[in-house]
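Visitor: I have a chain open here and would like to talk through its fold with you. Could we start with the contacts and then see where that leads?

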Amino acid sequence: MSKSTRATAKDVARASGVSQTTVSFVLNGAAGHVSPETRERVRQAARELGYVPNGSAQALRKGASRTVLLNVEGIPTGSSLGSYIRGLDAELAAHDHVLLVLHGSLSSQALSDVTQAVSARAVIDLGGSGRAAAMAADSETRLDAFSAQADIPVQYLVDRGHRHIATVLPEAPELQALAGLKERLIQQATHAAGLTGCPTLILPDGLAAAGERLRSFRADHPEITAVLAYNDDLALVTLAAMRQIGLRAPEDLAVIGFDDTPHGALFSPALTTVHIDAESIGRIAARNALGLPTADLAPEPARVIVRQSG
């Protein structure tokens with residue numbers, strides 16, 4: 001065997017005069033039934049050949065590979081999610097792990113099957129069903145940090161004199177879990193700011209239907225002067241619906257999005273939005289998934305990107 005060729009377990013078995021199964025038992029610490037002499041002969045052959053066990057195979061035998069699963073079922077692929085995935089992927093790579101991202105609609109059983117198939121080290125489940133993400137994982141993390149910045153835009157609006165704020169949420173069923181979380185956090189933020197009530201406007205994607213829904217909402221809640229949308233896309237639907245029914249932003253209704261997507265700046269009026277340090281949050285999620293310390297990773301505070309709509 002040439003020096004450039006990596007030794008295999010089969011080579012060790014041939015050199016030590018035992019079966020490949022015995023080699024596997026000895027080198028993986030499961031050789032209780034193998035005599036001490038044979039064990040030493042196998043280890044000596046491995047040393048002489050420079051045999052290095054396959055790390056992935058070893059990990060699979062131990063029940064944990066160097067793979068981390070991320071399920072993003074139903075989450076819009078906006079700027080924050082993209083940055084989050086980049087940070088997660090980069091930090092995992094720095095610790096010799098790989099990231100596998102699942103986009104499709106999976107049942108809990110299907111996700112469990114995938115987890116077992118790849119012997120995942122950890123599962124980060126951000127799926128629309130909101131299920132727990134600890135299956136076959138050492139730890140879990142969630143995207144709550146994104147929505148937990150609700151106090152930033154609320155305080156921004158309060159500082160500008162708004163006392164009646166509403167939340168705009170999507171109608172799509174697959175987004176309801178995260179939308180519900182964001183709704184609760186915005187309501188908590190408005191309550192903490194001393195505001196009373198925070199009604200919710202559910203908007204469909206279609207412009208005509210969105211306009212009628214907004215018109216009805218305005219009739220029921222004439223006191224509302226500002227809205228916080230689930231994300232930038234829904235904020236732009238809100239602005240388009242306002243234009244359709246003759247409302248102006250921010251004169252009649254201030255509108256703030258969330259995600260700082262590039263197209264928000266291209267609309268007229270340009271969209272005011274919230275930017276978060278999603279990449280750092282992704283790196284923290286990677287550390288949490290691997291059970292590593294995170295004290296040296298601190299995301300930059302969320303900030304409002306002030307434009308014309310709010």
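Visitor: Among contacts in the chain between residues at least 6 apart in sequence, what share joins residues at least 24 apart?
Guide: In this predicted model, 71% of those contacts join residues at least 24 apart in sequence.

Visitor: And how many helices and strands are there?
Guide: The chain has 12 helices along with nine strands, and of its 310 residues 47% count as buried.

Visitor: What about the exposed area, how much is there and what do carbon and sulfur supply?
Guide: About 14,800 Å² is exposed by the chain, and 52% of that area is supplied by carbon and sulfur atoms.

Visitor: Switching to helix packing, at what angle do α10 and α11 pack?
Guide: Helix α10, residues 207-220, packs against helix α11, residues 232-244, at an angle of about 75 degrees, with the axes 8 Å apart; the two are therefore roughly perpendicular to each other.

Visitor: Which residues make that contact?
Guide: From α10 they are Leu207, Ala208, Ala210, Gly211 and Leu214, while α11 brings Val237, Thr238, Ala240, Ala241, Met242 and Gln244. By type, these residues divide into eight nonpolar and three polar, with no charged residue in the contact.

Visitor: Where does pLDDT stay under 50?
Guide: It does so over residues 59-63, for which the model has seven contacts beyond four places in sequence, and also over residues 128-147, for which it has 64 such contacts. Where pLDDT is low, the predicted coordinates should not be read in detail.

Visitor: And what is the mean pLDDT of the chain?
Guide: The mean is 80, and 80% of the residues reach 70 or more.

Terms used: Residues numbered from 1 in each chain as written. Predicted model: local features only at pLDDT ≥ 70, side-chain atom pairs only at ≥ 80, totals over all residues. Heavy atoms only, no water. Helix = DSSP H or I, 4+ residues; strand = E, 2+ residues; numbered from the N terminus. Buried < 20%, exposed > 50% of the residue type's maximum accessible area, 1.4 Å probe, protein only. Contact = heavy atoms within 4.5 Å. Areas by Shrake-Rupley, 256 points an atom, 1.4 Å probe, with all protein chains shown as cover. pLDDT = per-residue confidence, 0-100. Axes fitted to C-alpha atoms, helices over the stretch in contact; angles between N-to-C directions. Parallel < 35°, antiparallel > 145°, perpendicular 65-115°, else oblique. Nonpolar A, V, L, I, M, F, W, Y, C, P; charged D, E, K, R; others polar.
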